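Q: I am new to reading protein models and would like some help. Could we go through one together, feature by feature?

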Amino acid sequence: MRDFERGSPVLRDLELGAVRVHILHHAARAPVYGSWMFEELRRHGYELSYGTLYPALHRMEEQGLLKREDRVEGGRVRKYYTATERGRAELERARRVIRELHREVVEGEGPDPG
């Protein structure tokens, strides 16, 4: 359904933002790791690569939105991400924006120009 490698710049930016909101949503509920998040996003119809997802996770960690915990499972290290307080606050702001956007763009409420 969604392909991050092609398409309009507006939709690409919107979809990349939506991926970040999805990550924050799930990481606020419970620790998540990359391959789980990848499959969860695919379930929602996002077609992205690990080369898009992992840099997004790392950037969000650098921005203080996620906290990483390395766990050894089955002899290998798995990186789990949890939303920080800053990440949770950002998620709440994103929810407000999404509600307003939905109200106006999808439901057609709000003033008409002119």
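Q: Which residue forms a salt bridge with Glu-39, and how far apart are the closest N and O atoms?

A: Let's begin with the general idea. Side chains of opposite charge can pair when their charged atoms come close. In this model, which is predicted, the partner of Glu-39 is Arg-42, and their closest N and O atoms are 3.8 Å apart.

Q: Where do Glu-39 and Arg-42 lie, and how many residues apart are they?

A: A little helix geometry helps here. An α-helix has 3.6 residues a turn, so residues three or four places apart point the same way. In our case both Glu-39 and Arg-42 belong to helix 2, with a spacing of 3 residues, or about one turn of the helix.

Q: Is Glu-39 buried or exposed, or something in between?

A: Something in between. Buried means under 20% relative accessible area and exposed means over 50%. Glu-39 has a value of 42%, so it counts as partly exposed. Arg-42 is partly exposed too, at 47%.

Q: How many salt bridges does the count come to?

A: The count comes to 10. One of them joins Glu-90 and Arg-93, with 2.5 Å from N to O. Glu-90 and Arg-93 are 3 residues apart in helix 4 (residues 85-106), which means a separation of about one helical turn. Glu-90 is partly exposed at 34%, and Arg-93 is partly exposed at 40%. Another salt bridge links Glu-73 with Arg-78, where the closest N and O atoms are 3.2 Å apart. Here Glu-73 has a relative accessibility of 29% and Arg-78 has 22%.

Q: Which residues are linked in a network of salt bridges?

A: A network of salt bridges links Glu-61, Arg-68 and Asp-70.

Q: Let's go back to helix 2. Which of its residues are buried?

A: Helix 2 covers residues 34-43, and its buried residues are Gly-34, Met-37, Phe-38, Glu-40 and Leu-41. They sit on the same side of helix 2, because they cover an arc of only 165° around the axis.

Q: What do those buried residues pack against?

A: They pack against helix 1 (9-29), strand 2 (32-33), strand 3 (46-47), helix 3 (50-62) and strand 5 (76-83). For a view from helix 1, look at His-22, which is located there. His-22 is buried, with a relative accessible area of 18%. Leaving aside residues up to four places away in sequence, His-22 touches Met-37, Leu-41, His-44 and Tyr-46.

Q: What is the sign of phi at Gly-45, which follows helix 2?

A: The phi of Gly-45 is positive, near 95°. Gly-45 is in the loop between helix 2 and strand 3, and it is buried, with a relative accessible area of 14%. For a sense of distance, the C-alpha atoms of Gly-45 and Ser-35 are separated by 15 Å, and these residues are 10 apart along the chain.

Q: How do I read the sheet, and in what order do its strands come?

A: Follow the strands across the sheet rather than along the chain. This open sheet has 3 strands in the order 2-5-4, and the pairing is antiparallel. Strand 2 and strand 4 (66-73) are the edge strands, as each pairs on one side only. Strand 2 and strand 5 are joined by 2 bridges in the antiparallel sense. There you can find Val-32 opposite Tyr-81 of strand 5.

Q: What is the volume of the largest pocket, and which elements help to line it?

A: The volume of the largest pocket is about 540 Å³. It is lined by 20 residues, and the closest to its centre are Leu-14, Gly-17, Ala-18, Val-21 and Ile-98. Helix 1 and helix 4 are the elements that give two or more residues to the lining.

Q: Now for the whole protein: how many helices and strands are there, and in what order do they run?

A: There are 4 helices and 5 strands. From the N terminus, the elements run β-α-β-α-β-α-β-β-α. The C-alpha trace spans about 65 × 30 × 20 Å along its principal axes. The protein has 114 residues, of which 29% count as buried. Finally, among contacts between residues at least 6 apart in sequence, 47% join residues at least 24 apart.

How values were computed
Residues numbered from 1 in each chain as written. Predicted model: local features only at pLDDT ≥ 70, side-chain atom pairs only at ≥ 80, totals over all residues. Heavy atoms only, no water. Buried < 20%, exposed > 50% of the residue type's maximum accessible area, 1.4 Å probe, protein only. Arc of directions from axis to C-beta. Contact = heavy atoms within 4.5 Å. Pairing = 2+ DSSP bridges. Salt bridge = Lys/Arg side-chain N within 4 Å of Asp/Glu carboxyl O. 1 Å grid on protein atoms, 1.4 Å probe; cavity = no way out; pocket = protein on both sides within 12 Å on 5 of 7 lines; lining within 4 Å. Points joined across faces, edges and corners; volume = space filled by probe spheres on them.
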